[in-house]
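Please read the following report alongside the sequence and the structure shown here. It moves from a pocket to the fold and then to single residues.

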Amino acid sequence: MVQPGTYQSVRFLGTEVHVSRAVSRFRRPLTFLAGAALTAPLALLGATHASAASEYTVTPLKFTVRAGDRSCTVDADLYRPSGVDAQHPAPAVLATNGFGGSKSDGSTDAIGKAFASRGYVSLVYSGLGFGGSGCLITLDDPAIDGKAASGLVDFLAGTRAADDGTEADYVTDDGPGDPRVGMIGGSYGGAVQLATASVDHRVDALVPLITWNDLAYSLAPNAAGASRGVSSDTPGVFKWQWTNGFYLMGEGQPLLVPSLDPSRFGSLTCLHFAPRACDTIRLLNSGRYPADRTDAMLTYARSVSPASYLPGVTAPTLLVQGQADSLFNLNEATATYRALEAQGTTTKMIWQAWGHSGGQVAGELDLATGNLETSYVGQRILGWFDRYLHHDQDADTGPAFAYYRDWTSGYGTAAAVPGLSRTMYLSGDGALVDSRSKVVRGSRQYTNWLLPTSHSESSLAGLIGIPDPAPYDTAGTYLGWTSAPLAAPLDVVGAPKATLEVVSPKTERVQNSGDAADKLVLFAKVYDVAPDGTQKLVNRLVAPVRVPDVTRPFTVELPGIVHRYEAGHRLKFVIAAGDTAYFGNRGIKPVTVVSAPQDTGVLELPVVG
């Protein structure tokens with residue numbers, strides 16, 4: 001219990017807050033991360049942060065590191081709380097920016113201030129290739145970005161100095177050269193945590209938010225033929241809007257950051273990325289997938305992805321992923337979660353509302369309102385660091401799995417991600433029925449156009465402030481199956497799965513050409529249809545599919561959702577020929593779907609309640 005007279009009143013984000021002096025030094029940060037991923041263009045998780053309440057000093061530092069084939073400078077800020085010294089050490093928090101940001105953007109700076117104001121030694125830095133840091137952009141490569149961050153852990157351990165001679169001998173340690181340090185951040189600043197922990201087991205706790213599992217899936221997803229997690233051996237469908245937006249931001253750094261460190265320049269054809277990253281982007285934009293080059297592309301994208309190096313991650317990891325996120329969807333966090341859990345790494349997962357595609361709602365974690373201690377996700381993060389950085393054995397780290405629900409207050413929780421529990425069948429008359437016996441024998445066909453005829457989203461619309469039309473499909477270029485009105489609400493939590501079989505003779509003749517671009521492309525999705533006929537595509541999410549072999553049935557894992565289909569509403573399962581956010585088919589490829597009671601497509605749903 002805090003004794004009378006031990007509170008101080010401070011102004012925090014424009015609001016008067018009472019902070020206990022007795023507990024403010026080492027317990028909990030007031031806030032740390034933006035609730036809206038759209039507050040700064042592509043500098044993900046940006047927001048405005050007021051000056052911190054507690055006293056601390058901020059020291060700009062430089063660190064010269066070896067990153068791959070070059071040496072470069074890492075630009076950092078050290079936040080040291082008052083009263084923290086060699087006799088009174090404190091745990092440390094290490095953080096870096098989202099793609100396109102820096103140590104000085106709203107979110108990264110806010111992390112430093114918030115944790116320092118709560119007694120943590122905070123070291124925030126500009127990631128390689130961004131802000132004032134040198135070197136090429138290497139997409140959070142463990143061997144480069146991870147090793148660079150490990151050098152900063154050396155500084156926190158007191159075993160190396162900054163370039164100006166500054167040393168840190170006041171971080172709590174777990175042994176000689178082993179500081180007590182956690183990492184936190186979102187998107188690009190999320191994946192780097194896993195990359196660092198895979199090469200440096202001194203890191204004690206991770207909180208990656210809205211980040212990826214496999215960049216090959218993120219940039220060119222294939223929702224069919226997954227061999228492990230979200231990773232498919234068949235190349236996916238190019239997500240051109242998101243990918244080119246980030247590519248242009250990386251290559252446009254001279255316009256955004258004057259006086260760049262020379263180590264940030266590559267070649268004239270690939271200015272600021274690692275050459276293999278540029279090769280991947282060019283191949284994706286070409287619309288071609290020749291086996292020799294595509295295999296190399298998949299290998300590179302996965303080599304810089306948690307999917308390839310998670311076996312090296314042992315630090316307790318709290319994964320936070322956004323439901324409104326068409327860049328890194330819930331399936332990516334689920335793949336990471338399951339891999340960590342299977343190998344025995346302590347891990348838990350939260351599906352919050354917001355992600356790269358927006359989705360901020362009242363009461364969710366939001367830096368702008370300073371609601372870390374009153375939001376569910378904020379409380380979970382506080383508990384995670386209390387447990388693994390303060391070694392508070394009584395700290396509650398929460399359930400294994402939690403998910404935001406927009407139809408009721410609070411979060412739902414479970415011991416695991418819900419499994420598939422409801423099966424529906426695709427009838428030949430366009431109905432979506434609950435029994436094989438109700439399937440009507442029939443055949444239906446659609447034909448793609450050379451230009452996309454369906455729309456899910458304009459991926460960058462929210463970031464650049466342009467309107468985004470509602471999702472639509474053009475008649476004749478898609479097939480839909482619609483259920484009867486629901487007699488009771490249906491709560492879906494997780495990734496629906498569809499098993500399909502299609503007939504496409506034109507595709508069959510060319511699909512083994514040696515270029516995967518000749519395989520059939522389609523897009524699967526589930527609409528919520530209201531009684532008045534209006535349709536909602538939950539979070540504008542679709543499942544892009546490059547069918548491995550049209551002569552065989554294939555299974556599609558749709559993006560995970562958390563959604564209540566209300567009583568009186570209907571489900572509509574759709575396969576469409578194209579989508580404006582992705583590259584589509586090469587050539588015209590008519591598709592026929594045949595249904596019969598004992599041989600038809602099925603849609604499986606993870607239903608709770």
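Which helix gives the most to the lining of the largest pocket? Helix 11 does, with five residues.

Before going further, note that this is a predicted model, in which local features need pLDDT of at least 70 and side-chain atom pairs count only at pLDDT 80 or more, whereas totals for chains, interfaces and linings use all residues. Residues are numbered from 1 along each chain as its sequence is written, and side-chain values use heavy atoms, with hydrogens and water left out.

**Pocket**

The largest pocket has a volume of about 570 Å³, and of the 32 residues that line this pocket, G229, V230, A335, R338 and E557 are the closest to its centre. At least two lining residues each come from strand 11 (226-228), helix 10 (306-309), helix 11 (330-342) and strand 28 (554-557). A pocket here is an open set of points on a 1 Å grid over the protein atoms alone, where a 1.4 Å probe fits, with protein on both sides within 12 Å along at least five of seven lines; lining residues have an atom within 4 Å of a point. Grid points are joined across faces, edges and corners, and the volume is the space filled by probe spheres set on the points.

**Fold**

The protein chain has 14 helices and 33 strands, which are DSSP runs numbered from the N terminus (helices are H or I with at least four residues, strands are E with at least two). An open sheet of mixed pairing is formed by 10 strands in the order 3-4-6-5-9-10-13-14-15-16, where two strands pair if DSSP finds at least two bridges between them. Its edge strands, each pairing on one side only, are strand 3 (56-67) and strand 16 (411-414). Within the sheet, strand 14 (residues 347-354) and strand 15 (residues 401-404) pair in the parallel sense over three bridges, and W351 stands opposite Y403 in strand 15.

Helix 2 (residues 106-117) lies across several strands, including strand 3 and strand 6 (121-125), and runs at about 170 degrees to strand 6. Helix 12 (residues 376-388) lies across strands that include strand 10 (203-209) and strand 16, and runs at about 165 degrees to strand 10. These angles run from 0 to 180 degrees between N-to-C directions, with axes fitted to C-alpha atoms, for helices over the stretch in contact.

Of the 609 residues of the protein chain, 61% count as buried, a term that means under 20% relative accessible area, with exposed set at over 50% and partly exposed in between (1.4 Å probe, protein chains only).

**Single residues**

Y446 lies in strand 19 (residues 442-446) and is buried, with a relative accessible area of 1%. Leaving aside neighbours within four places in sequence, Y446 is in contact (heavy atoms within 4.5 Å) with residues that include G476, Y478, L522, I575 and P590. Y446 and T592 are 146 residues apart in sequence, yet 6.7 Å apart in space, C-alpha to C-alpha.

Most residues other than glycine have a negative phi. Two loop residues with a positive phi are set out below.

| Residue | Phi | Loop | Relative accessible area |
|---|---|---|---|
| C135 | near 75 degrees | between strand 6 and helix 3 (142-157) | 2%, buried |
| R540 | near 55 degrees | between strand 26 (535-537) and strand 27 (543-546) | 23%, partly exposed |
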